[in-house]
Amino acid sequence: MDGTESSAGQPGPSERSHRSSVSSMGARAADVLVYLADDSVVPLAVENLPSFSAHELHRAIREVLQLPDIALDAFALWLVSPLLEVQLKPKHQPYKLGRQWPELLLRFTDAPDDDVATDEPSLQFRRNVFFPKRRELQIRDEEVLRLLYEEAKGNVLAARYPCDVEDCEALGALVCRVQLGPYRPGQPTACTLREKLGSFLPAHLCKRGHGLFAALRGRGTKAGTGEQGLLDAYRKVKEVVGSDSECEAPLGTHYHAYLLKCHELPFYGSAFFHGEVDKPAQGFLPRGGRKPVTVAISLEGVHVMDSREKHVLLGLRFQELSWDHTSPEEEESVLWLEFDGNNEGTPVNKLLKIYSKQAELMSSLIEYCIELNQAVEPAAPAESASGSPLIPGSPPPPTQRPQLRRQGSVVCSRIQHLSTIDYVEEGEQIKRVKPKRTTSFFSRQLSMGQGSYTVVQPAESPEQS
């Protein structure tokens, strides 16, 4: 498994239950259990399971669920356990990978030996990491939309997709509409919503703390958070279709609206990985230890998120970074990300060190996502938003950012919470210092004509001129 078309990462909604699909199967005909995003199960009778490929299983699932052709690209088969997630290539044989699962855990996780010995993966039918959002918006089949909606909802409720309170309420309101039907005055009330709040909002927004710390945290919380804010958003869900005000919108309309809202999140559709970063030094302490992070990688870029605080620490499009990784044979397994920044007002290039046994997988996924993006770039001359053609060799205009950039938004970068390294190149040596540097530390990045990432050049000296 080389990782260029498969991705492995940190488990999320799958932690709700421990399920087994393949590793206990024999060579004769057997029922293979494939789990959907809503926890329902598709049993498949398979002959000669050890040689059965993921592509063949995928086709069998589509036939059972009667899904249209778009499902071939929209979904992929995953092997998932509480310790590891792997998206399979079409040529992979799930049974054989299931038998190799302990080896994968030892290679890509820090799980204790006892956990490795008892862990068992399940087969899941999930969104394909490499399926573009623009194509997802073109889907009209209600069952495909429902499966995508269920998976996105699970990621929002599990806080894998960090959202601001306003967005959690808007998304939760759409879940209310799907599960409870159109809003009716007086039904439900805030009190009745409170009983099922965890079905509509992430757990950290449902908790009701007590004491001084809860009061201090609550000072900055938006009024109406929780059931009342959810109820207010539920009232606003649009229901009118066409000119008939009495006509209810089909569920597919609300599935689509939910996905469209999720598309505003820059990390939607990502594969997730586990890692740690150094904490910034505090006071007289030279180092503050490490903090756990989730690394989300999609076709659009890389996001590093605080696993405990549920917010983004760093978000970079591929045009804004260069990267590399070191393997355990060289030293500790690390993914390195380099990006533009400033130090006390001086432009510098910053280097972030992410400790993870999945660094190799993350690096391969970044490289493959970049290759896919370059393969689909149109050959015709691009135009700017104003309609004028772009100058050849100039960087393309940034894609329009969703209007989520509120001050303090959980999707905004918090570089001040990271411990980064600034480098400068002097001759053949690279030193960790504060001044600007002349070249990128890494060669793995998009070409300069394609992205906005540029190394910081020092002021020209008399000797250079």
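Trainee: In this predicted model, does Y234 count as buried or exposed, and at what relative accessibility?

Mentor: A residue is called buried when its relative accessible area is under 20%, and that is the cut-off to hold Y234 against. Y234 falls under this limit and therefore counts as buried, its relative accessibility being 1%.

Trainee: Which kind of aromatic pair do Y183 and Y234 form?

Mentor: A pair of aromatic rings is described by the distance of the centres and the angle of the planes. For Y183 and Y234 the centres are 5.4 Å apart and the planes stand at 75°. Since planes over 60 degrees apart fall in one named class, the pair of Y183 and Y234 is edge-to-face.

Trainee: How many residues apart in sequence are the parts that Y183 and Y234 tie together?

Mentor: Y183 lies in the loop between α8 and α9, a helix of residues 190-195, and this tyrosine is partly exposed at 21% relative accessibility. Y234 belongs to helix α12, which covers residues 227-235, so the pair ties together parts of the chain whose separation in sequence is 51 residues.

Trainee: Which word describes the pair of Y161 and F267?

Mentor: Y161 is buried at a relative accessible area of 4%, and F267 is buried as well, at 0%. The ring centres of Y161 and F267 lie 6.1 Å apart, with 40° between the planes. Planes under 30 degrees apart would be stacked and those over 60 edge-to-face, so an angle of 40° makes this pair tilted.

Trainee: Which residues do ring pairs link into a cluster?

Mentor: Y161 sits in the loop between α7 and α8, while F267 sits in the loop between α13 and β7, 106 residues apart, and the pair thus links distant parts of the chain. Ring pairs join these two residues to others, and the cluster consists of Y161, F267, Y268 and F272.

Trainee: How many of the residues of α8 are buried?

Mentor: Helix α8 has 16 residues and reaches 21 Å from its first C-alpha to its last, close to the expected 22 Å. Its buried residues, among them V165, L171 and V178, pack against α7, α9, α10, α12 and α13. The helix is mostly covered, and the number of its residues that are buried is 12.

Trainee: Which residue does R290 meet in a salt bridge with its closest N and O atoms 3.1 Å apart?

Mentor: R290 is in strand β8, and its partner, 42 residues away, is in the loop between β11 and β12. R290 counts as partly exposed at 32% relative accessibility, and the partner is likewise partly exposed, at 42%. E276 and D278 belong to a network of salt bridges that also holds R290 and this partner, which is E332.

Trainee: Over the face of which ring does R290 lie?

Mentor: Besides its salt bridge with E332, R290 is placed over an aromatic ring, at 3.5 Å from the ring centre. The residue that carries this ring is Y355.

Trainee: How many residues apart are R235 and D232 in helix α12?

Mentor: The side chains of R235 and D232 meet in a salt bridge, with 2.6 Å from N to O. R235 is partly exposed at a relative accessible area of 42%, and D232 is partly exposed at 29%. Both lie in helix α12 about one turn of the helix apart, a separation of 3 residues.

Technical notes: Residues numbered from 1 in each chain as written. Predicted model: local features only at pLDDT ≥ 70, side-chain atom pairs only at ≥ 80, totals over all residues. Heavy atoms only, no water. Phe/Tyr/Trp six-rings, centres within 6.5 Å; stacked < 30°, edge-to-face > 60°. Helix = DSSP H or I, 4+ residues; strand = E, 2+ residues; numbered from the N terminus. Buried < 20%, exposed > 50% of the residue type's maximum accessible area, 1.4 Å probe, protein only. Lys NZ or Arg CZ within 6 Å of the ring centre and 35° of its normal. Expected span 1.5 Å × (residues − 1). Contact = heavy atoms within 4.5 Å. Salt bridge = Lys/Arg side-chain N within 4 Å of Asp/Glu carboxyl O.
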